[in-house]
Amino acid sequence: MRKFFKLLTSRFLFICILLLLEIAILMGAIYLLTAYFISALYLYAIAIAVSIALTLHIINSDMNAEYKIAWIVPILLIPLFGASLFLIFRTKNPRRKLKKHLSNFLSMDCLYKALPDVDERFANTSDFAAVCAEFVHKESFLPPSDCYEYEYFPLGELYGAKLEEELKKAQRYIFMEYFVFAEGNFWNRLHTILKEKVKEGVDVRIIYDDIGSMKGVPSKFAAALEKEGIKCLCFNRFRPVLDVAQNNRTHRKITVIDGITAFTGGINIADEYTNEISIHGHWKDTGIMLRGRAAQNFAAMFLQLWAIHSPEENYTEYITDCPAGEYLCLPFSDMPFGGNKNICEDLYLRIIYNAKKYVYINTPYLIIDGEMRRALVTAAKSGVDVRITVPNIPDKKYVFAVTKAFYNQLLKEGIKIYRYTPGFIHAKSIVSDGKCCLIGSSNMDFRSFYLHCECDVMFFNEQIAEELEKDYLSVCEQSELVTEKKSKIGVFRRIYRSLLRIFAPLM
């Protein structure tokens with residue numbers, strides 16, 4: 001009852017109601033226009049002309065094929081309303097200030113040092129590693145790097161304990177950027193450490209996403225932290241305006257300590273991620289800690305967004321010297337403001353096509369486009385052991401239904417799908433052939449690949465890949481293998497899922 005009352009009085013519900021009101025006003029305006037001002041014949045002619053024009057525009061655009069279908073269907077079925085929504089959502093640029101800032105700031109080399117020795121080592125590792133390094137550097141503006149120490153966390157509680165331990169050691173600065181901050185035991189412990197660090201003179205900064213954290217923290221969360229000396233930025237505040245920029249969230253999970261130590265992965269700052277509360281069964285998540293020059297890339301990612309808040313600040317003071325490390329890696333950020341640059345999706349495709357023995361993928365959401373589907377099928381037909389692990393207990397039922405809609409087509413091509421029976425799997429990783437792996441915040445869905453700010457790190461090291469492989473196989477042992485027989489459903493549910501697949505890119 002308390003949760004229901006909290007939802008009824010929440011800012012999120014209030015804004016959603018206002019957005020629905022805007023849509024109702026739009027539909028009402030179209031109705032009045034058709035009923036009183038334009039004759040049916042003229043209206044029909046206008047609707048047909050607009051639908052044809054927009055359909056041709058979409059077909060000839062460089063938009064992803066699945067996005068094209070998702071827009072063409074409503075434009076043709078409900079011409080004026082579908083066309084109006086398309087013109088509102090697809091032709092508007094993201095908020096000008098945000099886009100202009102990021103396009104100017106992403107390539108600023110004041111955030112990091114070039115590492116010529118690393119480029120040479122990548123070139124000597126393998127052709128595949130060298131090509132990936134060149135691609136990431138070109139598209140993300142962040143250089144290939146390395147680290148001298150790492151620790152992989154197969155569970156959120158292990159990640160959380162290590163994070164608390166490392167935060168206590170901070171001497172210069174702490175940067176934390178997470179999609180979700182939520183009040184609870186985990187945050188209370190971190191909050192206590194951060195307040196102590198502020199008293200010691202450590203520069204503590206936090207970025208959180210407004211929609212991601214809206215249910216977990218009060219609306220004055222940032223103001224309260226500022227009063228305690230913790231600098232805080234609420235990214236892209238959710239507003240009651242029909243605006244495509246509402247979709248652009250920071251979904252990243254980053255902590256940087258003194259420019260030497262960095263954390264990333266799937267874990268947010270909330271109790272379910274550390275299994276201190278259970279809301280969807282056991283919460284399986286993963287993360288990684290890096291120590292070394294790679295931490296500078298994560299500091300740069302953080303500062304790229306922070307500069308929205310403080311563009312005139314001198315950021316060169318946050319460049320840190322670290323010794324070279326034996327573990328080559330590519331820490332990178334995906335941004336939704338660079339046209340059709342989808343770095344993480346491209347690296348997933350490269351890993352899948354490069355695989356010779358196996359590809360193992362963890363993802364909470366399996367909502368993929370035709371190109372990704374073709375890569376997975378091609379690998380499976382080439383004899384590669386392709387496995388994908390998804391949740392058994394969903395956190396969002398409609399998204400889970402979309403995920404299930406992709407099962408049959410993959411299963412019949414020999415791709416193995418496992419459902420994590422103890423609960424919800426939130427890990428985001430891919431490992432292949434015991435040689436390369438990628439871990440971070442990106443889900444295998446349209447939102448992560450196209451709409452969100454994300455962060456990931458790719459490794460070309462057998463030791464690290466072996467740890468991810470071992471953990472993945474242990475997850476498979478706890479999971480149920482989905483079969484075509486088990487995934488068979490009735491005709492009405494098939495129709496429902498087919499419709500969900502059409503509109504999956506817009507969800």
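**Exercise 1.** Classify arginine 419: is this residue buried or exposed?

*Solution.* Take the relative accessibility of arginine 419, which is 17%. Apply the cut-offs: buried is under 20% relative accessible area, exposed is over 50%, and partly exposed lies in between (1.4 Å probe, protein chains only). Arginine 419 therefore counts as buried.

This is a predicted model, where local features need pLDDT of at least 70, side-chain atom pairs count only at pLDDT 80 or more, and totals for chains, interfaces and linings use all residues. Residues are numbered from 1 along each chain as its sequence is written, and side-chain values use heavy atoms, leaving out hydrogens and water.

**Exercise 2.** Find the salt-bridge partner of arginine 419 and place both residues.

*Solution.* Start with the rule: a salt bridge needs a side-chain nitrogen of Lys or Arg within 4 Å of a carboxyl oxygen of Asp or Glu. The partner is glutamate 480, with the closest N and O atoms 3.5 Å apart. Arginine 419 sits in strand β13 (residues 416-420) and glutamate 480 in strand β18 (residues 479-482), 61 residues apart. Strands are DSSP runs (E, at least two residues), numbered from the N terminus. Glutamate 480 is partly exposed, at 25%.

**Exercise 3.** Which parts does the pair of lysine 231 and aspartate 203 tie together?

*Solution.* The closest N and O atoms of this salt bridge are 3.4 Å apart. Lysine 231 lies in strand β5 (residues 231-235) and aspartate 203 in strand β4 (residues 203-209), so the pair joins parts 28 residues apart in sequence. Lysine 231 is partly exposed at 32%. Aspartate 203 is buried at 15%.

Conventions. Helices (H or I, at least four residues) and strands (E, at least two) are DSSP runs, numbered from the N terminus.
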